[in-house]
Amino acid sequence: MTTTIQPRQTRVFRFLQARYADGVAELGYAFDDGAPMIERVRFPAAPPLPLARRAAFDAALKLLHLIAGVSYYKAGVPPLIEVADGPLDDATADLLDALYLQGLAEFAYRNGLDLRERIRFPRGGRTAPPATTLDLPERTLVPLGGGKDSLVVVEALKAIGEDAWATWVGNAPLIAACAERTGLPRLNIERELAPELFALNQCGAWNGHVPVTAVNSAILALAAILYGFDTVAFANERSASAATLEYAGQAVNHQWSKGYAFESMFADWLHGHVAADLDYGSLLRPYAELAVTRAFARLGTNYFDVFSSCNRNFRILGPRPVDRWCGQCPKCHFVFLALAPFLSKPRLLAIFGRNLLDDESQAAGFDALMEYREHKPFECVGEAAEARAAMHALSQRPEWREDALVARFVREIAPQLDPLTLALEPWLLPAGEHRVPARLVPALKVIG
Ligand SMILES: CC(=O)N[C@H]1[C@@H](OP(=O)(O)OP(=O)(O)OC[C@H]2O[C@@H](n3ccc(=O)[nH]c3=O)[C@H](O)[C@@H]2O)O[C@H](CO)[C@@H](O)[C@@H]1O[C@H](C)C(=O)N[C@@H](C)C(=O)N[C@@H](CCC(=O)O)C(=O)O
Ligand SMILES: Nc1ncnc2c1ncn2[C@@H]1O[C@H](COP(=O)(O)OP(=O)(O)OP(=O)(O)O)[C@@H](O)[C@H]1O
C-alpha cells in the first residue's frame with residue numbers, strides 16, 4: 001500500500017476476505033480503496049480438517065477475522081464499516097459492536113474520541129441454524145501469558161489430571177520458557193500483524209490499547225476446532241471485570257475483554273455458531289487478584305525463576321526488560337504488592353531483584369494502585385481496595401512495616417480510610433458467577 005494514506009481521514013474500514021490453507025489463516029483489511037493489509041496466523045503442524053468440523057472452522061475463522069480487525073480499525077476509526085461477505089446476523093453484530101465499543105473505550109478516552117456513533121457493524125444477515133455437537137475430544141487448551149495467572153490454571157488442571165496443553169500466541173521467549181517448565185504438551189501459534197499497520201502508525205494513525213484477549217480468544221477457538229479440543233481455559237480473574245474509571249457516563253475498563261461480560265458473550269456465540277460442545281471460559285473467574293497471588297505463592301514455586309507479569313516483556317517492536325521485571329510499571333508494582341502478603345520477604349526480593357516498597361521514588365505508582373490522589377492505572381491490576389488491603393496487611397508485619405512506602409501508608413493514607421474496609425480475608429474468598437465447565441470444577445478447589 002502507499003504510505004500516503006492519511007488514516008485519520010479515511011471514510012470506510014473494510015473487512016476483505018479471510019482465507020485458510022496449510023496451517024495459515026490470512027485476514028484481510030483495508031481503508032477506503034487502499035491496498036489490503038493482511039494479518040497472518042500460523043498454526044504449527046496443522047492436521048487436515050475433518051469434514052465434520054469444516055462449517056465450525058469457517059464460522060470460527062470468520063469471527064477471528066472480525067475480531068482481529070480491531071487493531072487496524074483503530075488506526076483510522078472511520079465512520080463506516082463494511083464486511084465483504086455481507087451483513088452479519090444480529091448476534092454476531094451485537095458481539096462485535098460491544099467488543100469494539102467497550103474494548104476500545106480506553107483508546108477512545110485517551111485519544112479524546114467518541115466512538116458511540118461510529119461503531120456499527122452491518123447487520124440484518126441470515127441467522128445460521130444453531131451449531132451442533134462435534135464430539136470434540138475431552139481436553140483443554142490453556143493459554144499462557146508468561147505471568148502468574150495462567151500458571152495457576154496449569155497447576156490446578158494438572159492436579160485434577162486434566163489432559164491439558166500449554167498454548168501461546170506470539171514469539172515471546174519468556175512465555176516459551178514458562179510453557180516448557182509446565183511439562184505439558186505445547187502449542188505455539190504465530191501471529192504476524194500486517195506490516196502496513198506499523199507504517200500507518202508512523203504516519204499519524206490513531207494508536208492505543210486494543211482488547212487483545214479477545215484476539216487471543218478467537219485464535220484459540222479456531223485452534224480448538226482445528227486440533228480437536230473441547231475446552232479453552234483462560235486465566236481471567238474476577239477483578240478484571242471492574243472498570244478502570246467512569247467517563248461521560250461510560251465505564252472504561254482496560255481489561256474489558258478479560259471481563260465476565262465478554263467471556264459470556266463470546267462463549268455463547270461459540271456455542272450457537274461454532275460447536276455446542278466447545279467451552280470457553282476462565283478458571284479464575286471466581287477469584288480476586290489476591291486469591292490468585294495466594295494460590296500462585298503455593299502452586300507456582302516451579303516458576304519463580306522464569307515467570308514475569310511485566311507487560312514490557314511482550315512488546316513486538318519496543319525494548320524489553322533485561323531481567324524480566326522492569327520494576328517501574330504498574331504491573332510490577334501490583335504483583336510485588338499482591339504477592340508480598342503470601343511469600344517470605346527474601347523469596348519475593350529474590351524474584352524481583354529489589355524491594356519496590358522500600359523505594360520512595362515509586363510512591364506515585366503505588367498511590368495510583370490504591371487510588372490515592374490518582375486513578376487506577378490503565379493496566380491489568382487488581383481493584384484499588386485490594387491494593388489497600390494488601391498494603392494494610394503488610395503494615396501489620398514487622399518485616400515490612402519499616403519499609404519506606406509501607407511506613408508512608410501507615411502515616412499518611414491509612415488514617416483517611418475506614419479500617420473495616422482493609423481486611424485481606426474477604427478478597428481470598430471465591431464469589432460471583434463463572435462458566436467453568438463441569439469437568440473442570442474440581443480444579444477450583446485446588447485454587448482455594
Ligand atoms: C506489550 C504491550 O503492552 N504493548 C502495548 C503497547 O505497544 P507498544 O507500542 O509499546 O509496542 P508493541 O507491543 O511492540 O506494539 C507495536 C504496535 O503494534 C500495534 N498492535 C500490537 C499488538 C496488537 O495486538 N495490536 C496492535 O494494534 C499497536 O499499534 C502498537 O503500538 O502500547 C500499545 C498502544 O497503547 C498497545 O496496543 C500494546 O498492547 C498490546 C496489544 C498487548 O499485547 N497488550 C497486552 C500486554 C495487554 O494490554 N493486555 C491486557 C489485556 C486486556 C484485554 O482486555 O485484552 C492486560 O494485560 O491488561
Ligand atoms: N501471548 C498470549 N498467548 C495466549 N494467551 C495469552 C497471551 N498473553 C496473555 N494470554 C492470556 O490472556 C489472559 C490474561 O493475561 P494476563 O497477562 O492477565 O495473564 P498472565 O500472564 O497469566 O498473568 P499476569 O496477570 O501475572 O500477567 C490469561 O489467560 C493469559 O494466559
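**Figure 1. Nine strands build an open sheet with mixed pairing.** In this predicted model, the strands follow the order β4-β1-β2-β3-β7-β6-β5-β8-β11. At the edges stand β4 (80–83) and β11 (279–282), each with a single partner strand, so one side of each is left without a neighbour in the sheet. On average, neighbouring strands are turned by 20° against each other, with direction ignored.

**Figure 2. Strand β1 pairs with β4 and with β2.** Let us look at one part of the sheet up close. Strand β1 covers residues 12–21 and runs parallel to β4, joined to β4 by four bridges. To find one of these pairs, start at Phe13, whose bridge partner in β4 is Ile81. With strand β2 (residues 24–31), β1 shares seven bridges, and here the two run antiparallel. Arg14 stands opposite Ala30 of β2. The hairpin of β1 and β2 has two residues between the strands, and Asp22 takes a positive phi near 50° there.

**Figure 3. Strands β5 and β6 run side by side in parallel.** Four bridges join β5 (residues 140–143) to β6. Which residue of β6 is the bridge partner of Leu141? The partner is Trp165. Helix α6 (residues 173–182) packs on the sheet, where α6 touches β6 and β7 (186–192). The direction of α6 makes about 175° with that of β6.

**Figure 4. Twenty-five residues gather around ligand 1.** The nearest of these 25 residues are Ser71, Thr213, Ser257, Ile316 and Cys380. By class, the shell holds eleven nonpolar, eleven polar and three charged residues. Helices α7 (195–202) and α8 each supply at least two residues, and α8 gives the most, with three. Why does ligand 1 lie between domain 1 and domain 2? Both domain 1 (7–282) and domain 2 (318–428) give residues to the shell, so ligand 1 lies between them.

**Figure 5. Twenty residues surround ligand 2.** Pro143, Gly145, Gly147, Ser150 and Ser309 are the closest of these 20 residues. Three elements each give two or more residues to this shell: α5 (148–159), β6 (164–169) and α8 (212–227). Of the elements, α5 gives the most, with three residues. The shell divides by class into eight nonpolar, nine polar and three charged residues.

**Figure 6. The protein is divided into two domains, which meet at a contact.** Domain 1 spans residues 7–282 and domain 2 spans 318–428. Their C-alpha centres lie 32 Å apart. How many residues does the contact take from each domain? Ten come from domain 1 and ten from domain 2. On the side of domain 1 that touches domain 2, you will find three nonpolar, five polar and two charged residues.

**Figure 7. Two stretches of the chain carry domain features in UniProt.** An unreviewed UniProt entry places the feature "domain: MurL N-terminal" at residues 6–283. Over residues 6–283, the chain is 37% helix and 21% strand, and the end C-alpha atoms are 43 Å apart. The unreviewed UniProt entry also places "domain: MurL C-terminal" at residues 306–416. Over residues 306–416, the chain is 46% helix and 0% strand, and 39 Å separates the end C-alpha atoms.

Terms used. Residues numbered from 1 in each chain as written. Chains lettered and ligands numbered in written order. Predicted model: local features only at pLDDT ≥ 70, side-chain atom pairs only at ≥ 80, totals over all residues. Near = placed C-beta within 6 Å. Nonpolar A, V, L, I, M, F, W, Y, C, P; charged D, E, K, R; others polar. Domains from an automatic or database assignment. Pairing = 2+ DSSP bridges. Axes fitted to C-alpha atoms, helices over the stretch in contact; angles between N-to-C directions. Contact = placed C-beta atoms within 7 Å. UniProt positions renumbered as here; feature names shortened; annotations may be inferred.
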